[in-house]
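Got the model open in your viewer? Let's walk through it one selection at a time.

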2 protein chains.
Amino acid sequence: MGVKERKERDKAEMREMILQSAHKLFIDRGFEEVSIRNIAEAIEYSPATIYLYFKDKNEIFYALHNEAFKRFNGVMADLATIANPFDRLIAMGEKYIQFATEHPKYYEIMFIMESPMDCEENREEWEEGNKALAGLEQLLVGCQQTGRFVGQDPRVLAFSIWSYMHGMCSLSLRKRLRCYTPDEGKRIPKESFENFKTMLSKL
Amino acid sequence: MGVKERKERDKAEMREMILQSAHKLFIDRGFEEVSIRNIAEAIEYSPATIYLYFKDKNEIFYALHNEAFKRFNGVMADLATIANPFDRLIAMGEKYIQFATEHPKYYEIMFIMESPMDCEENREEWEEGNKALAGLEQLLVGCQQTGRFVGQDPRVLAFSIWSYMHGMCSLSLRKRLRCYTPDEGKRIPKESFENFKTMLSKL
DNA sequence: TACTTTTACTAAACACTGTTCATATCTTTA
DNA sequence: TAAAGATATGAACAGTGTTTAGTAAAAGTA
């Protein structure tokens, strides 16, 4: 009796439909600006129905947050073609900035917003987030095998790099670069990143 | 006729009262968790009254955000007693982390939250925020006069340092260090910061 | 003092929000 | 076909930021 199987398929499909609508709305409106009623209206169901598939709003946005990480990891995986580990590291930095600028809403759920992290599922593990970090750490080990970053703890170095990159991106996204003129606001981060790269090459 | 003067004084006092209540509530509840009705109740006035003194909720929290920066700048000013500019820079870094950890709600309105920056007043200038950054830039110029950071643009270096420090603090505050075990979550940032200091000393 | 104007305040409403629950319908099993 | 189970929803709850129409007190003027 394939009834159970079909029901499960239906349930998964419905979840997918909710997620897709939420995703669409979220991308061009942001988290706080998308209500359960908005999502319900988009899928032509009652708001209460959504609670049959998701525990609460946070759970929906935790799912989207995971989805965003998959895209992020996908973009980073594309750089695997770059053979030299250090070149790949630099390219990753550039891609990171590009991702944050081109997909600000993704970046926000991934690294800035509080909500998705308050989700039950996530108390222990941070699936896709871990993958991203592990990828960077792995790459740094690769760099060490070519004689770079000798004597450095790759995990610590990964955190340092992540912190710097995230600092730049989040200050920019959260409009904290208004202390600079528009010109400076472009020049200074650019030069800072250039300096960061040469600094890494000397490390 | 001192009537006008007294009225202005009263108006200022009322603003102060609202701000103080909002501040108190905000510190132990956070931004989204404090409602206009909460503030109104605390000062024993109707919610509508608050709108006679502040344009909207954002304006209240922009004022608080400015207040937070004053405290921040105060803490940093205390370090003026350290004569050597480089030692002062290091001490500032330590104080920065301390401030973020001890006053997370302040740190959030200052550097993470979107809301206070969406305020009218703030479109052009970011008064207290600018002061903080200018202080750091000034200090770096001081460092250069003792032979450090030669050939570096102090504004660019200030941004690099700020980015790294903010990255660390905001990732921690926004619970993105769950990918680490509790032990690692303490060890790795600590070691990262140590490395950062020695790196600066070699720059 | 008496009358008018200005100011300070608020009750009530508007249009929302996330979430819950009793009720109803539709599907599967016995 | 009847009972059982899954699925969907209208309506409500308790809140949100904000606006408006109306009131009462204070200030200005005759």
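Start by selecting chain A: of its 203 residues, 29% are buried (a residue is buried if 20 or more other C-beta atoms, placed from the backbone, lie within 10 Å of its own, exposed if 12 or fewer, and partly exposed in between). Before going on, a note on what you have: this is a predicted model, where local features need pLDDT of at least 70, side-chain atom pairs count only at pLDDT 80 or more, and totals for chains, interfaces and linings use all residues. Residues are numbered from 1 along each chain as its sequence is written, while chains are lettered from A and ligands numbered from 1 in the order in which they are written.

Keep chain A selected and switch to cartoon. You'll see nine helices and zero strands (DSSP runs numbered from the N terminus: H or I of at least four residues for helices, E of at least two for strands). Along the principal axes, the C-alpha atoms of chain A fill a box of roughly 60 × 50 × 30 Å. Take the contacts in chain A between residues at least 6 apart in sequence: 62% of them join residues at least 24 apart (contact here means C-beta atoms, placed from the backbone, within 7 Å).

Now add chain B. How many residues does each chain bring to the contact? Chain B puts in 33 residues and chain A 32 residues. On the chain B side, colour α6 (104-112), α7 (127-145), α8 (154-173) and α9 (182-202), each of which supplies at least two residues. The largest share, 13 residues, is from α8(B). By type, this side of chain B has 16 nonpolar, nine polar and eight charged residues (Ala, Val, Leu, Ile, Met, Phe, Trp, Tyr, Cys and Pro count as nonpolar, Asp, Glu, Lys and Arg as charged, and the others, Gly among them, as polar).

Next, try superposing the chains. A turn of 180° and a shift of 0.0 Å along the axis lay chain B on chain A with an RMSD of 0.1 Å (least squares on the C-alpha atoms of residues with pLDDT of at least 70 in both). That is how a two-fold axis relates copies. Both copies use the same surface, as 97% of the contact residues of chain B recur in chain A.

Last stop: DNA strand D. Select the 18 residues around it, of which A:Ser46, A:Ala48, B:Ser35, B:Asp56 and B:Lys57 come nearest (near means a C-beta atom, placed from the backbone, within 6 Å of the strand). Helices supplying at least two residues each to this surface include α1 (3-27) of chain A and α2 (36-43) of chain B. With three residues, α2(B) gives the most.

Note on methods. Two residues are in contact if their C-beta atoms, placed from the backbone, lie within 7 Å.
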